Amino acid sequence: MAIKTTRGNSILLFFLILFTGISGRLLAQEYTISGTVTDDRTGERKAGATLMIHQQEAEYFTDTTGFYSLKVSGGPVWMSAGYEGYITAYFQFRIRKDTTINIRLQKEIFLDEIEVTANSIESNMARTQMSTFAIPTGNVLTLPSFLGETDIIRSTQLATGVQSGNEGSMGFFVRGGSAGQNLILMDGIPLYTINHMLGIYSVFNTDAIRSANLYKGGFPARYGGRLSSVLDIGLKEGNMTQYHGNVSLGLIFSKINLEGPILKDKISFHISARRTYADLIYKAIQKPANLPANNGDLFFYDYNAKLTVKMSENSRLTLGAFKGVDETAMRLSDRFVHKNVLYTEINNLSMNWNNFTAYLKWNKTYSNRLIGNMMLAYNNYLFDLNYDYYLEKENSGKANTFEFAYGSGIKDLLFNLNYSYVPSENHYVTFGMNLTNQCYNPDTDLPESAEEENRGGNSVFKLEGRIQKGYLYLEDDIRISEKLNTSVGAHLSGLVVDGRFYSGLEPRLSLRYLFSDRISFKSSYTRMNQYLHLLSTATISSPVDLWVPVTKKVKPEKSSQVALGLTYGLSETYEVNLETYYKKLKGVIAYKDGETFTGSTLGWEDKIEAGEGTSYGAELLFRKTKGKTYGWIGYTLSWSNRQFENINYGKVFPYRYDRRHDLNVVVMHDFSDRIQAGFTWIFGTGNAASLSAHQFMAKSFPHTPDDEGIVKYFHERNSYRMPAYHRLDLSVNFYKKKKYGTRTWKIGLYNAYNHQNPFFLFFGYDDSREVASTGPDGEVVYSSPKVLKQFSLLPVLPAVSYSYRF
Amino acid sequence: MDRKTNSRYLWLGLLALLAVSCEKVLDYDIGDYEPEVVVNSVINPDSLLTVHLSQTISILDTSEIQPITDRQIEVYEDDQPVEILTHSHDGYYLSSHIYPEEGRTYQLKLSAGGGEVSASTTVPVPVEILGADTRFIDDTHWFVVKATFADPPGEPNFYQISLMPRAEVYVYLDGSHVYTASLTRKTVIDTKYSSFLHSMGILPEGSPIEEILINKYGIFTDQLIDGETCTLNAKTPYYFPGKIEQLIDINPDTIPQGVTYYIDWYMDVYLLSLSRSYFDYLKSRNLHDVVADNVFFEPMGIISNIHNGIGIFGSYAGSRKTLPIIVHPKKPAER
């Protein structure tokens, strides 16, 4: 009896595959890719080089002769090859027969901040995906970018369409979105904070990173939950055949990285760890604990650990963990005499962050046409702030004390299924699901004080509670013709909170047309929903930024984005890419005028209001990908605005990180095998800021403690532009082969020409001048003029570090 | 060290740990600007209507702000013209007879720069204090005051609690009462040594109250207690800056023979009902002052209800309970 294919049958089959992993008899032709991995210059074969088949999330290694052989399903293949100290090479192609690919890797070319992307021009032309920035991050990222450490987030900030926040911070802002609208995934697990040491470093240890991709638009259907970007960072697995490692000594911290087989070709491990010694430095230079002493503490450590078990040729089990701990403390103390009595006053502030994630992932190749992975993960983010105040009157035996503790946190328990299915050579289907149980744990402590009346504790937000959310997605990358590719998908998300159900259907559509083998046109449309809000009071990323969930009153944020792009390959070496975008944001939240993060035991939702935003712009990228000298020039022209009914009198105002012009120049040069150098130059329009232009007199009224005074008059929010930001960073690396490995000295110069970039502005007095004016009695009086001042944070900073790889 | 100072020091201190910093002067062009009229007027049923006029100046201007002395202010009560105010002194314009009435709407109009500056306010109806109590906090100069009131249901209400220590000084010569001085300390709720959430000095008892960071004005809304009977638990220091004797010019060491004096102490508890515009003004003024020196916070602009100008034309009406603290049971004159 013939089976009649119906829509219902198709859906049933879809879910059977989705939930049971049963592939059925859908086997496709399997092809073999084999070849060697060699040094581009010396031809030396590289044993233990890594081959990644990205659509299968499968990892392979060359044998001791540098040879590899692996099997993939017919159709599109996204493959990369990497080796310690070499630039990771990426390839994208369709396979229709057994193929030999001999890969020649270039030695790493160093830049103080980023490894050049090695995406071939051909692959960029061919991919349907647009608005991406691939940051291949092998262990080549060894030169310091800032105080001795290259950082993946600082590298991300060099992409077009991405603005950095304030100097020295890890925040990044993509196409006019906020920092809270970036989905940052570490091995598929969302992170809620990425800062170490108040934002000087990120939590990502470059030694542990296998791949990093930033999506600014045209989001694949597998991603959701944030409006503006996805930064998907994959962590390395251990080498199955050889032991490798490296040790690095920097100015602020040191790190160690080890990997190798536990059972050859069966079980491997990979461990990376960092620890700062800033705390030890502080302890050495601080005064003893005797008063008066003003001191502080900055401390962090983190580690990534991964155990990989090769269960069979088609099955791999991974157990991974990440932990990051930050402790920041500040102690201000004073002694003073008031009316002949000695007082001792102490302020203690400490802020602690703690990130812990653990996961179990199972990758399975069911057939040549179907592969999948299943992941169960636990993620715990905690932040707490403790403040205590102590005022003691000498010999009184009494002290006035006040304590305040505040905390917030999120715990996720999530389950993911992801599958890739190749029904024919013209289709590449991905589908999957996620279920997340999210627990908000404010961990607020109501402090006990010496006096009942001094008890300070009111929780700001009652965030305790659970949220259940999840999504389904389905996407098909369709090859319509040799020239035309399209990707059609949908991401269906939903959430239950306090008995209220929110859901959203998010269509994803991308299209690529090849005008010729040199010119491709791309376009995309995406819609995104976000069920978490990052509520910020401060004008910089700060500890009081709070993740708050949607509630019955506070609805999800939504965005729609359209992007158009043109890629022109001038040659095999040069490429020009132009993209334009328009993004509409809805439901973005902010405090109402006059409200702040403290102050209510209930009803925080009434302190905020939802508004809208628009951002649009154009991004131009010129790249040189080969040769001794390579790099890119990226220019972004953009606008980003916000509008709220009760903020800025209801009028549209520029977003704080609205940046009209943004220019990044990245140049690297390989002088020899032993010396490499590079520089980056960054220019950006100044941030928008709210400055008062005028002032007026506020009189004293009955029942108020004020005397009459002068208050500032703000006409428009963010109507002033800070001075432009620009900075040159330089770096040189020196390599030397040693008996057991390679040692590297890295020398860098941050802000090489010592430009004073604005960190914040304030009104003060110019004490270098005096101006005459007429006093109240007609006399001439002299005083320093009032002026606008700029505070700059980071001057020229040299850095040096030493590392040894084996 | 108050919270504001703490905040500034802590932020800047943490940053100072990170790197050497530096400052430089920037050019700041505020462009062409016509000064705007500034109105300062908060009316209540117990006082004659008074308005103060001045004008805005550049943020870089360090000179004295000059009052406006050459205008006429039209005053309307429930849309009916009732008086035209002329300048009295130092920018003040005083009514000759208008004591604002509860429930009535008052409007001001004056001309400025070819346009019209206007504002209006409706005087709220006061809410009675049903009961009040007070006690010392042992070994401190702090007082805790409890005040109970019933919030009228339905409409939004905006409140201010005000605690005013008062000293009554009775002076006698040869047993005859010759002089009485009354001193009221203006400070309402001192927040000097309280900080962060507690800084406002008002804690809700039973029902939550809308609180504001560093609530120096002691203002709150009925958003979360609409229609409920609520007890406020407020705290204030009870002291005067200096000895009472000095304030009334008495030297205890040189008191003439036959002169005696007694001091009675009271706490006046006020519950003021504010107009919405006055509440918004105080709330924004409060936050303006809190974040004024903290460069990491979005600066707060004053919320004004002055059309074509800036400032406040608001109103309040209140009820009062007087709590005796130390009252001498019998005074010579009463014997």
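**Close-ups of a predicted model**

**Figure 1. Phe622(A) counts as partly exposed, because 17 C-beta neighbours lie inside 10 Å.** Keep in mind as you look at this and every other view that the model is predicted. That count of 17 falls in between the two cut-offs, since a buried residue needs 20 or more such neighbours and an exposed one has 12 or fewer. Phe622(A) sits in strand 35 of chain A, which covers residues 608-624. Which residues does Phe622(A) contact, leaving aside its neighbours within four places in sequence? They are Val576(A), Trp632(A) and Ile633(A). For a sense of scale, find Leu564(A) too: Leu564(A) and Phe622(A) are 58 residues apart in sequence, and their C-alpha atoms are 17 Å apart in space.

**Figure 2. Here's strand 18 of chain A with two pairing partners, strand 19 and strand 50.** Start with strand 18 (residues 244-249) and strand 19 (residues 253-263), which pair in the antiparallel sense over six bridges. How many residues does the hairpin use to join strand 18 of chain A to strand 19 of chain A? Three residues do the job. To spot one of the bridges, look for His244(A), whose bridge partner in strand 19 is Glu259(A). Now turn to strand 50 of chain A (residues 797-805), which pairs with strand 18 in the antiparallel sense over four bridges. In this second pairing, Val247(A) stands opposite Tyr804(A) of strand 50. If you're wondering what holds such pairs together, strands of a sheet pair through backbone hydrogen bonds, either parallel or antiparallel.

**Figure 3. Two aspartates, Asp265(A) and Asp90(B), have a positive phi.** Zoom in on Asp265(A) in the loop between strand 19 and strand 20 (267-276) of chain A. Its phi is near 60°, a positive value in a residue other than glycine. Is Asp265(A) buried or exposed? Asp265(A) counts as exposed, because just 11 C-beta neighbours lie inside 10 Å. Over in chain B, Asp90(B) is in the loop between strand 6 (80-89) and strand 7 (92-94). The phi of Asp90(B) is near 50°, again a positive value in a residue other than glycine. Asp90(B) is exposed too, since 9 other C-beta atoms lie within 10 Å.

**Figure 4. One open sheet of three strands takes strands from chain A and chain B.** Read the strands in the order 42(A)-41(A)-4(B), with antiparallel pairing. Strand 42 (709-713) of chain A and strand 4 (57-58) of chain B stand at the edges with a single partner strand each, so one side of each has no neighbour in the sheet. The link between the chains is worth a closer look: strand 41 of chain A (residues 694-698) and strand 4 of chain B pair in the antiparallel sense over two bridges. Gln695(A) is bridged to Ile57(B) in strand 4 of chain B.

**Figure 5. The largest nonpolar core has 70 residues.** Which residues have the most contacts inside this core? Look for Ile152(A), Ile209(A) and Ile233(A). Zoom in on Ile233(A) and, leaving aside its neighbours within four places in sequence, you'll find it in contact with Ile152(A), Leu185(A), Met186(A), Phe204(A), Ile209(A) and Ala212(A). A second, separate core has 58 residues, including Val711(A), Val117(B), Val269(B) and Tyr270(B).

**Figure 6. Chain B is assigned two domains.** Domain 1 is 33-125 + 277-316, and domain 2 is 129-273 + 318-334. Eight residues of domain 1 are in contact with 12 residues of domain 2. Which element gives the largest share of the domain 1 side? Helix 3 of chain B (residues 276-291) does, with five residues. By class, this side of domain 1 has six nonpolar residues, one polar and one charged.

**Figure 7. Last, step back to take in each whole chain.** Chain A has four helices and 50 strands, while chain B has three helices and 18 strands. Of the 806 residues in chain A, 49% are buried; in chain B, 37% of the 335 residues count as buried. Now take the contacts in chain A between residues at least 6 apart in sequence: 65% of them join residues at least 24 apart. For chain B, counting contacts between residues at least 6 apart, 65% join residues at least 24 apart.

Terms used:
Residues are numbered from 1 along each chain as its sequence is written. Chains are lettered from A and ligands numbered from 1 in the order in which they are written. This is a predicted model: local features need pLDDT of at least 70, side-chain atom pairs count only at pLDDT 80 or more; totals for chains, interfaces and linings use all residues. Two residues are in contact if their C-beta atoms, placed from the backbone, lie within 7 Å. Domain bounds come from an automatic or database domain assignment. Ala, Val, Leu, Ile, Met, Phe, Trp, Tyr, Cys and Pro count as nonpolar, Asp, Glu, Lys and Arg as charged, and the others, Gly among them, as polar. Two strands pair if DSSP finds at least two bridges between them. A nonpolar core is a set of buried Ala, Val, Leu, Ile, Met, Phe, Trp, Tyr and Cys residues joined through C-beta atoms within 7 Å.
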